[in-house]
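Trainee: I have a model open and want to work through one stretch of it. Can we go step by step?
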Amino acid sequence: MIEVNEIFGPTIQGEGKLVGNLSIFIRFGKCNFKCVGFNVEYETPSGVKKCACDSYYAVDMEFKNSWKSYENYLDIVNEVDKLLENYNYKNRVDIVITGGEPLLYWNNQEFQNLIKHYINKNHKLTIETNASLNIDFQEEYQKKIIFSMSVKLSNSLEPLKKRVNKSTLTKILENTKESYLKFVIGNDFLENAIVEIEDILKNIPQCEVYLMPLGDSSEAIDINSEKVVNLAIKYGFKYSDRLHIRIWNNKRGV
């Protein structure tokens, strides 16, 4: 059984190295983090007010009743096909598997079948992950996945031993060609972020690194973006905006 929070698109990828690409998003439910430090305020279905990341509805188990359970990956494929049936694209859209934390399902056969299906159909397939969980590469198709690894820093308020798994980072970077790291930073956490990022990068394979502004609204992105851009320039990292938030704020399904 795999649990999906939402399937939506076609839309654009809003962040990372494939920003702007036409994409379908498959958002899985459940996460091993809470990230209350990101201070996105929300209310649960039972009326409890909390803080978490901007994907709280795929993280907090109080929203589980709005998720959909699948026993067969082909049911997910069929839903994606329905989203595309009114479009006549010449090129295959990208598939983005996100969450929550989708690697919680890595050892689920239907999850692997879903990945294999799209890889074999020559889609670019990205898994957006916090890269904290242990995984193994046992099949060649798995090496064609692009892992967008949003490793959490201390501003997430998650403990260091839980959020940084250098074994997994190394394994992913050694087994795949296009995977990369991205870090979400607010303008009140700039220099501390660089110290933490440089420590994470020690003793792992070299890869592309993106800095992104923290925020779940266009106003928050505006406040944080200039200083994050300057930080990327100062330390030689890449900058990724968050176009989906600039355009739609934190609206779901776009």
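Trainee: Which elements are included in what covers the buried residues of α5?
Mentor: This is a predicted model. The buried residues of α5 are L190, A193, I194, E196, I197 and I200. Their cover includes α3 (160-163), α4 (166-175), β9 (180-185), β10 (209-213) and α6 (218-235).

Trainee: How far does α5 reach from its first C-alpha to its last?
Mentor: Helix α5 spans residues 190-201, twelve residues. At 1.5 Å a residue, 16 Å is expected. The reach is close to that, at 17 Å.

Trainee: Which residue with positive phi follows α5?
Mentor: Look just past the helix, which covers residues 190-201. The phi there is near 65°, and the residue is N203.

Trainee: What is the handedness of the unit made by β9, α5 and β10?
Mentor: β9 and β10 pair in the parallel sense, over five bridges. L181 has V209 of β10 as its bridge partner. With α5, the two strands make a β-α-β unit that is right-handed.

Trainee: How many of the residues of β10 are buried?
Mentor: Take the two faces in turn. V209, L211 and P213 are buried on one side. Y210 and M212 are buried on the other. The count is five of five.

Trainee: Through which helix does the chain cross from β10 to β11?
Mentor: β10 and β11 (residues 238-239) run parallel, joined by two bridges. Y210 stands opposite K238 in β11. The β-α-β crossover between these strands is right-handed, and the chain passes through α6.

Definitions and conventions. Residues are numbered from 1 along each chain as its sequence is written. This is a predicted model: local features need pLDDT of at least 70, side-chain atom pairs count only at pLDDT 80 or more; totals for chains, interfaces and linings use all residues. Side-chain values use heavy atoms; hydrogens and water are left out. Helices (H or I, at least four residues) and strands (E, at least two) are DSSP runs, numbered from the N terminus. The expected span of a helix is 1.5 Å times one less than its number of residues. Buried means under 20% relative accessible area, exposed over 50%, partly exposed in between (1.4 Å probe, protein chains only). Contact means heavy atoms within 4.5 Å. Two strands pair if DSSP finds at least two bridges between them. A crossover is right-handed if, with the strands pointing away from the viewer, the path from the first strand over the helix to the second runs clockwise.
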